[in-house]
Amino acid sequence: MQGDKFVRERERLINRLIREGILKDPKVIKAMLKVPREEFVPEKYKQHAYIDSPLPTLNGQTISAPHMVAMMCELLDLDVGHKVLEVGTGSGYHAAVCAEIVAPSDVDSKLWGHVYSIERVPRLAVFARNNLERTGYSDKVTVIVGDGTLGYSPAAPYDRILVTAAAPNIPKPLIEQLALNGRIVIPVGGTYYQELIVGVKISDSEIKTYSAGGCVFVPLIGRYGWRF
Ligand code: SAH
C-alpha cells in the first residue's frame, strides 16, 4: 500500500538522520516519525517526500529539507507546553513537527502548548491550513497571514521563535516578543547563504547568540527583513 511505503521511507530517512548525528532528542525523533511529510508537498512531488532535500511549494517558495527541520527543532530545545512562533509557514510541515512536540496527543490537552505561524503569501497560508487540517493539526497550529518580521504581538511572549526564511539581521520585534530565557533559531546573512543563528534572551533587550553553521534559505521579505 502507498501509505505503508511512505511510513517505511519516513523511518529510513529518520534512521539515517539519527546515524548522522543530526537527530538526537527523542521528542524530535518521535515527532518526525509521526508527521506525514508527503501530505505537505504538492501532489506532483509526493513520491519525493522522503528525499532529504527542499521541495518547491508555491510562488517560488520551498519546504525545507528534513535534515534542516531536524536541526532547527534540536537547536530550539522544544518541550511540551511551549508557545512557539514560526515565521514562514510555507507548507505547514515544520509547524506540524513543532506542534507534535509541544502538544503531543498522548499528553493531557490542558498541558498543550501552541504554535502560531505567520506567512506573507496568502496562497501559501491557505495551502498550509489545508495540509494542517487534513493531518489533524489545526487545533494546535494557528496560521496567520502577515509580515512575520513584525512578530505576532497578540500571543506574545513566546518561549521559542523559529524563522524559516533568511534575514539580514534578527528583527527587533522578534527579540522583544521572545520570553526571558526563550530561544530563537534564525538564518542570518545574505540572500544566497546564511549562518544558522541560535539566540537566547538573557535580559529584557539582549540576546546571546552563536552560529550553528551554514545554511541556505529563501529570503525573509518584510519591514525588518529584505525589502524587494
Ligand atoms: N517552514 C516552511 C518552509 C518555509 S519557506 C515549511 O515547513 O514548509 C519560507 C517561507 O517564508 C515562504 O513560504 C515565504 O513566503 C515566507 N516568508 C518570507 N518572508 C516572510 C515574512 N516577512 N513573513 C512571513 N512569511 C514570510
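**View 1. N59, a loop residue with an unusual backbone angle.** In this predicted model, N59 is partly exposed, with a relative accessible area of 41%. You'll find N59 in the loop between β1 (55-56) and β2 (62-63). Check out its backbone too: phi is positive here, about 55°, even though N59 isn't a glycine.

**View 2. N181, another asparagine with a positive phi.** Like a glycine might, but without being one, N181 has a positive phi, about 70°. Where does N181 lie? Look in strand β7, which covers residues 178-189. Is N181 buried or exposed? Its relative accessibility is 57%, and the cut-off for exposed is over 50%, so N181 counts as exposed.

**View 3. The cis peptide bond before P157.** Zoom in on A156 and P157, and you'll see a cis peptide bond joining them, with omega at about 0°. P157 sits in the loop between β5 and β6 (158-163).

**View 4. The largest nonpolar core.** This core has 47 residues. Which residues have the most contacts inside it? They are L23, M32, L78, Y93, V97, V115 and V141. Several elements give two or more residues to this core, including the helices α1 (2-19), α2 (26-34) and α3 (66-76), plus the strands β5 (141-145) and β8 (194-201). The largest share comes from α4, which chips in 8 residues.

**View 5. L23 and its contacts.** Stay with L23, one of the core residues with the most contacts. Leave aside the neighbours within four places in sequence, and L23 still touches I14, L17, I18, V28, I29, M32, A70 and E74. M32 is on the list of core residues with the most contacts, too.

**View 6. A second core.** There's also a separate nonpolar core, made of 21 residues. Among them are L85, A155, A165 and L178.

**View 7. Stepping back to the whole protein.** Zoom out and you can pick out 6 helices and 9 strands. The C-alpha trace spans about 55 × 40 × 35 Å along its principal axes. How does the radius of gyration fit with a compact globule? For 228 residues, such a globule would come out near 17 Å, and the protein has 16 Å, so the two agree. Buried residues make up 52% of the 228. Take the contacts between residues at least 6 apart in sequence: 59% of these join residues at least 24 apart. As for the outside, the accessible surface comes to about 10,300 Å², and 53% of that belongs to carbon and sulfur atoms.

How values were computed. Residues numbered from 1 in each chain as written. Predicted model: local features only at pLDDT ≥ 70, side-chain atom pairs only at ≥ 80, totals over all residues. Heavy atoms only, no water. Helix = DSSP H or I, 4+ residues; strand = E, 2+ residues; numbered from the N terminus. Rg over C-alpha atoms; globule rule 2.2 N^0.38 Å. Buried < 20%, exposed > 50% of the residue type's maximum accessible area, 1.4 Å probe, protein only. Contact = heavy atoms within 4.5 Å. Areas by Shrake-Rupley, 256 points an atom, 1.4 Å probe, with all protein chains shown as cover. Core = buried A, V, L, I, M, F, W, Y, C linked by side-chain atoms within 4.5 Å.
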